[in-house]
Amino acid sequence: MNIQLVVVGKTDVKYLQEGIDLYLRRLEHYIGFQIVVVPALKDTRNSTPDSIREREAALLLKTLEKSDRVVLLDEHGSQHSSMEFSKYLQKHMNAGVRNLSFVIGGAFGFAPSVYAAAHDKVSLSRMTFNHQMVRLFFVEQLYRAFTILHHEPYHNE
């Protein structure tokens with residue numbers, strides 16, 4: 001199985017990018033993983049949140065294949081402990097999913113068309129986080145899940 005994280009715009013905060021890079025290197029030992037960056041929209045000062053969501057949706061949907069299992073990282077999604085998230089990933093691997101695509105929306109969230117394309121929604125927390133921070137939190141949890149699946153000591157429970 002391959003996993004990708006689709007995000008809107010570059011990570012422009014240095015310490016967040018350094019953390020993401022650390023976990024990207026660690027994940028190489030477990031699974032094919034990549035981050036796909038959809039370009040941030042330009043000149044949105046006079047745009048409404050709905051129009052921004054719709055324009056971002058068109059870009060996000062272009063990056064996804066029909067065969068992808070699409071999971072939105074969304075505050076209204078199901079919540080999992082780290083152990084449960086590792087089982088969630090294992091379930092997809094056992095089901096023969098070839099490409100698992102997690103998607104983080106922009107600052108205004110997702111348009112209805114992105115929700116319609118999704119197979120599932122997962123929430124990292126009931127709290128709201130900056131969408132750039134979520135990238136680091138997600139890659140760390142993905143790494144943690146694979147160390148759990150491989151019975152390695154990174155996760156203490």
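**Helices, salt bridges and surface features of the predicted model**

M127 is exposed in this predicted model, with a relative accessible area of 59%, a value that lies over the 50% cut-off for an exposed residue. The residue is placed in the loop that runs between strand β5, residues 120-123, and helix α5. Together with L124, F129 and F137, M127 makes a nonpolar patch of about 350 Å² on the surface. Strand β5 itself contains S123, and this residue, in contrast to M127, is buried, with a relative accessible area of 4%. Along the chain S123 and M1 are 122 residues apart, and their C-alpha atoms are separated by 22 Å.

Helix α5, which follows this loop, covers residues 131-149 and therefore has 19 residues, and the distance from its first C-alpha to its last is 27 Å, close to the 27 Å expected at 1.5 Å a residue. The helix is mostly covered, since 14 of its 19 residues are buried. At its N-terminal end α5 is capped by N130, of which a side-chain oxygen lies 2.6 Å from the backbone nitrogen of Q132. Within the helix, R144 forms a salt bridge with E140, and the closest N and O atoms of the pair are 2.9 Å apart. R144 and E140 are 4 residues apart in α5, so about one helical turn separates them. Both partners of this salt bridge, R144 and E140, are buried.

In the segment after α5 lies H151, which takes a positive phi of about 55° although it is not a glycine. This deserves a remark because most residues other than glycine have a negative phi. H151 is also exposed, with a relative accessible area of 75%. A second residue of this kind is D43, which has a positive phi of about 50° and is likewise not a glycine. D43 is found in the loop between strand β2, residues 32-38, and helix α2, residues 49-63. With a relative accessible area of 57%, D43 counts as exposed, because the cut-off for this class is over 50%.

D43 also takes part in a salt bridge, one of the 4 that the structure holds. Such pairs can arise because side chains of opposite charge can pair when their charged atoms come close. The partner of D43 is R45, and the two side chains meet at 3.5 Å, N to O. R45 is exposed at 72% relative accessibility, and D43, as noted above, is exposed as well. This salt bridge can be set beside the one between R144 and E140, in which both residues are buried.

A further salt bridge is formed in helix α2, where the side chains of R53 and D50 meet at 2.3 Å, N to O. The two residues both lie in α2 and are 3 residues apart, about one turn of the helix. Their accessibilities place them in separate classes: R53 is buried, with a relative accessible area of 19%, whereas D50 is partly exposed, with a relative accessible area of 49%. These values fall just inside their classes, because buried means under 20% and exposed means over 50%, with partly exposed in between. Helix α2 also contains P49, which counts as partly exposed at 37% relative accessibility. P49 and A118 are 69 residues apart in sequence, and the distance between them in space is 20 Å, C-alpha to C-alpha.

Helix α1, residues 14-27, provides an example of a helix with a covered face. Its 14 residues should span 20 Å at 1.5 Å a residue, and this agrees with its end C-alpha atoms, which are 20 Å apart. The buried residues of α1 are L16, G19, I20, Y23 and L27. When the helix is viewed down its axis, these buried residues fall within an arc of 100°, so they line one face of α1. On the other side of the helix, K14 and Y15 are exposed.

Definitions and conventions
Residues are numbered from 1 along each chain as its sequence is written. This is a predicted model: local features need pLDDT of at least 70, side-chain atom pairs count only at pLDDT 80 or more; totals for chains, interfaces and linings use all residues. Side-chain values use heavy atoms; hydrogens and water are left out. Buried means under 20% relative accessible area, exposed over 50%, partly exposed in between (1.4 Å probe, protein chains only). A polar contact is a pair of N or O atoms within 3.5 Å; within protein, one must be able to donate a hydrogen and the other to accept it, and residues adjacent in sequence count only if both atoms are side-chain atoms. Patches are made of residues with over 30% relative accessible area and no salt bridge: like charges are joined within 9 Å, nonpolar side chains (Val, Leu, Ile, Met, Phe, Trp, Tyr) within 5 Å. Accessible areas come from the Shrake-Rupley method with a 1.4 Å probe; for residues, only the protein chains shown count as cover. The arc is that of the directions from the helix axis to the C-beta atoms.
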